[in-house]
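Hi,

Here is the structure I said I would pass on. Have a look at it first, and then read my notes below.

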Amino acid sequence: LNPNYQEGPIFFEAREHWWDGPDGKKHREWCPTTFGDAEPCPICEAWKELRAGRSPEDKKTASRIKPDEVYLFNAIIGAPNRALKEDGLIDIRYIGVPNTVFLAVINIMTGGENESFARGDISDPREGFDVKLIRPAAAGDRWKVDCANTTPISNDAQKGAFKEWWNKLVDLPAMVEKECKAYDTLYQAFHGTKAPAGSAAREPGDEPPPAVDELVPGSGQAPLDPFS
């Protein structure tokens with residue numbers, strides 16, 4: 001056992017916005033309301049205004065830009081061998097999954113409607129389980145989530161690649177807080193213009209305390225994205 005290891009939830013619930021920019025590209029930003037419904041967010045303001053509109057186009061746009069819940073986990077791609085970085089050490093990154101996948105993972109842990117099928121803490125490094133995500137086969141299908149047999153986090157052949165792997169875990173709340181943009185910056189990114197005077201931006205001195213650096217060496221790694 002590592003005496004410095006602190007147990008806690010294996011996921012972090014965040015909110016994000018997606019929208020189509022003038023360049024035709026999709027954009028994504030964390031929603032400040034992740035840290036409290038009272039946090040001002042210019043994209044949420046636009047979403048509420050469009051949602052209240054009468055035109056079908058407004059409601060369609062509102063549906064695209066609404067704050068979506070996303071559940072973040074630390075993850076490693078692998079089977080049968082775990083993914084390694086160029087330095088030969090294990091590649092741990094975060095993965096974001098939608099509500100349907102999150103509930104499927106929780107049902108694996110709890111057994112869902114039948115507790116006798118509960119697998120317990122699937123994140124246990126020795127007695128946990130790999131989770132298999134299966135892409136939808138056709139439009140309208142949902143991701144399927146399956147659970148493998150008991151799978152130690154590393155096998156003997158890759159034991160050296162897992163040196164102090166716990167220090168490579170992403171501090172998920174700190175990462176989102178660090179990457180979450182201020183009101184004025186979000187307004188500029190979404191609307192393409194500066195926020196008007198008297199907007200809901202925080203006053204100087206009201207900014208939250210700076211987030212600690214994430215625990216993964218080389219901040220800025222792309223997340224694991226099986227949904228692209």
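I'll start with helix α1, whose buried residues are P42, I43, C44, A46 and W47. The cover over those buried residues includes β1 (11–20), α2 (56–65) and α5. Please keep in mind that this is a predicted model, so everything here is computed from it.

Since α5 is part of that cover, I looked at how the two helices pack. The axes of α1 (residues 42–51) and α5 (residues 183–191) come within 8 Å of each other and cross at roughly 50 degrees. That angle is neither under 35 degrees nor in the 65 to 115 range, so α1 and α5 count as oblique to each other. On the α1 side the contact is made by P42, I43, E45 and A46, and on the α5 side by Y183, L186, Y187, F190 and H191. By type, the residues of this contact split into seven nonpolar, one polar and one charged. As for the spacing you will see along both helices, an α-helix has 3.6 residues a turn, so residues three or four places apart point the same way.

P42 is a good residue to click on. It sits in helix α1 and, with a relative accessibility of 1%, counts as buried. Leaving aside residues up to four places away in sequence, P42 touches Y183, L186, Y187 and H191. With L186 the separation in sequence is 144 residues, yet the two C-alpha atoms are 6.8 Å apart in space.

You will probably want to know about the cysteines. How many disulfides does the count come to? The count is zero. C41 is in none, and the nearest cysteine sulfur, that of C44, lies 3.8 Å away. A disulfide needs the two sulfurs within 2.5 Å, so this pair does not qualify. As for accessibility, C41 is buried at a relative accessible area of 3%, and C147 is buried too, at 13%.

One backbone oddity: E164 has a phi near 50 degrees, a positive value in a residue that is not glycine. Most residues other than glycine have a negative phi. Where is E164? It lies in the loop between β6 (144–150) and α4 (172–179). Is E164 buried, partly exposed or exposed? It counts as partly exposed, at 43% relative accessibility.

Finally, the overall picture. The protein has five helices and six strands, and from the N terminus they run β-β-α-α-β-β-α-β-β-α-α. Of its 228 residues, 29% count as buried. The accessible surface is about 14,600 Å², with 51% of it belonging to carbon and sulfur atoms. Among contacts with a separation of 6 or more, 59% are between residues 24 or more positions apart; P42 and L186, 144 residues apart in sequence, are one pair to look at if you want to see such a separation in the model.

Cheers

Definitions and conventions: Residues numbered from 1 in each chain as written. Predicted model: local features only at pLDDT ≥ 70, side-chain atom pairs only at ≥ 80, totals over all residues. Heavy atoms only, no water. Axes fitted to C-alpha atoms, helices over the stretch in contact; angles between N-to-C directions. Helix = DSSP H or I, 4+ residues; strand = E, 2+ residues; numbered from the N terminus. Parallel < 35°, antiparallel > 145°, perpendicular 65-115°, else oblique. Contact = heavy atoms within 4.5 Å. Nonpolar A, V, L, I, M, F, W, Y, C, P; charged D, E, K, R; others polar. Buried < 20%, exposed > 50% of the residue type's maximum accessible area, 1.4 Å probe, protein only. Areas by Shrake-Rupley, 256 points an atom, 1.4 Å probe, with all protein chains shown as cover.
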